[in-house]
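Me: I'd like to go through this protein model with you. Could you start with one residue and then widen the view?

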Amino acid sequence: MARNVNAKIQRITEGTLIVGVDVAKHIHVARCVDWRGIELGKPLTFENTRTGLEGLVQWLKGLKHSYAKEDVLVGMEPTGHYWMALGQFLRNRGISVVHVNPSHVKKSKEFDDNSPTKNDVKDALTIARLVKDGRYQEPIVPVGVYAELRSGMNQRERLNEDLIRVQHRIQNWLDRYFPEFVPTVFKQWDGKAALAILRQGWLPVDIAQMNPEQIVEMWKEVGIRRGVGLKAAKRLVDIAQASIGLTEGLGMARQELQILMSQYDLLQQQLNQLEAQIAQLLTHIPGAAQMLRIPGLGLSTVAGFLAEVGDLSRFTSWHQIRKLAGLNLRENSSGKHKGQTRISKRGRARLRALLYRAVFYLVAINPEFKLLHHHFKTRVDNALKPKQSLIALCGKLIRILFTLGTRQVEYDPIRALGPAYRQLADQVTV
């Protein structure tokens, strides 16, 4: 950690122009300091437009010329979405951009004036001085196929949220107008036969007047020929005749169901198309095919991992990815007191959640992870609680994915999980 900070500080020389930018929605503020933290020039306020950003570039060129600087380093907080366009604009013009942790800005804003006052001009100077001290991070900006993959996974998450919302609304409709539909008639409302009924927009009063043969014929027309028949259709008609569902406002109720089903079908179609595109993108990423061959690891996990991490060749160790996910350990200790050790949670929350869900599934499906999980919980020395074991296995999974992605080798549990797994496997075999 100290070597990393030292390298960042050493990057800043007397010829470096350090700029802090407080990014907002419409109006940004920039302030400039030298390598000692002395402010240069006056603050610049510029709009979030091409004209405003061009004005920022011209302002930087003028400061470089006036103070005989050779390099420019711009720092900003990666909050909201407006910093993305600004960062891309500056990088395209050969200007280095780094990120400053928003919590660091919040905690250090009182150093200069001993006041909790917060404003854009003050924050810009605080950001610049944090960069001067080496308290910044190099941004990981996805490009090429990784940018496509991240955008695709973001779309997939939003579509899944919309789909879950529509599913809940369909269940709500059934609770009001046909409460016996599940589980009295069908075990689930999203089975093939149940969906065929719902897509017709039939209410219980409609079904009650039908012949069972009509329902069976409808099922055959939509391609359902097994699993349901005349007996199931008769049960559906009988239960519809005795249904206790609402009987008022049925015209709008029918329209509501038709709208919900059209939304459900559209979202399912869009998700299927998107997942096919994501699978195609993975074929262009080194090591993705090997990751997908890990028992219990699916397309969404591998795609989500690569979308959040980006190009694995940018990392020198899997420990960097663990820290990126906020899974590195922290402790509170002072003198003889040693507090509990917990994960830092300083990183990409979506990556951390994805890894945890993946390991939660692996310990139930994958024999190697299942064995290690049992070992971590029952070992004599330093036995872990179930959740602690899952966190430890998240680190194992990161290490495996990093190795497969950088070396493009096949998954081998003995080599991947180390000598501890080999000893456990030998004990189970004996």
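Reply: Pro 183 lies in helix 7, which covers residues 181-185, where helices (H or I, at least four residues) and strands (E, at least two) are DSSP runs numbered from the N terminus. This is a predicted model, in which local features need pLDDT of at least 70 and side-chain atom pairs count only at pLDDT 80 or more, while totals for chains, interfaces and linings use all residues. Residues are numbered from 1 along each chain as its sequence is written, and side-chain values use heavy atoms, with hydrogens and water left out.

Me: Is the peptide bond between Val 182 and Pro 183 cis or trans?
Reply: The bond joining Val 182 and Pro 183 is cis, with omega at about 5 degrees. Most peptide bonds are trans, and most residues other than glycine have a negative phi.

Me: OK, and what about phi of Lys 345?
Reply: Lys 345 has a positive phi, near 60 degrees, although the residue is not glycine. Lys 345 sits in the loop that runs between strand 7 (337-343) and helix 16 (349-365).

Me: Changing topic, which domains is the protein divided into?
Reply: There is domain 1 at 1-137, domain 2 at 149-275, and domain 3, which is made of 288-328 + 341-427; these bounds come from an automatic or database domain assignment.

Me: How many residues of domain 2 are in contact with domain 3?
Reply: Seven residues of domain 2 are in contact with nine residues of domain 3, contact meaning heavy atoms within 4.5 Å. The two domains bury about 640 Å² between them, and 54% of that is on carbon and sulfur atoms; buried area is the accessible area (1.4 Å probe) that two parts lose on being put together, summed over both.

Me: Which three residues supply most of what domain 2 buries there?
Reply: Leu 149, Arg 150 and Met 153 supply 65% of the area that domain 2 buries against domain 3, more than any other three residues.

Me: How many salt bridges does the rule find across that interface?
Reply: The rule finds one across the interface of domain 2 and domain 3, a salt bridge being a side-chain nitrogen of Lys or Arg within 4 Å of a carboxyl oxygen of Asp or Glu. Glu 157 and Arg 350 meet through their side chains in a salt bridge, at 3.1 Å from N to O. Helix 6 (residues 145-177) gives the largest share of the side of domain 2 that touches domain 3, namely six residues.

Me: And how many salt bridges does the structure hold?
Reply: The structure holds 16 of them. One of these pairs is Glu 54 with Arg 93, whose closest N and O atoms are 3.3 Å apart. That pair links distant parts of the chain, 39 residues apart, with Glu 54 in helix 2 (residues 50-66) and Arg 93 in the loop between helix 3 (82-92) and strand 5 (96-99).

Me: Last one, where does UniProt list a "coiled-coil region"?
Reply: The unreviewed UniProt entry lists that feature at residues 250-284, with positions given in the numbering used here, feature names shortened, and annotations that may be inferred rather than shown by experiment. In the model, residues 250-284 are 94% helix and 0% strand, and their end C-alpha atoms are 52 Å apart.
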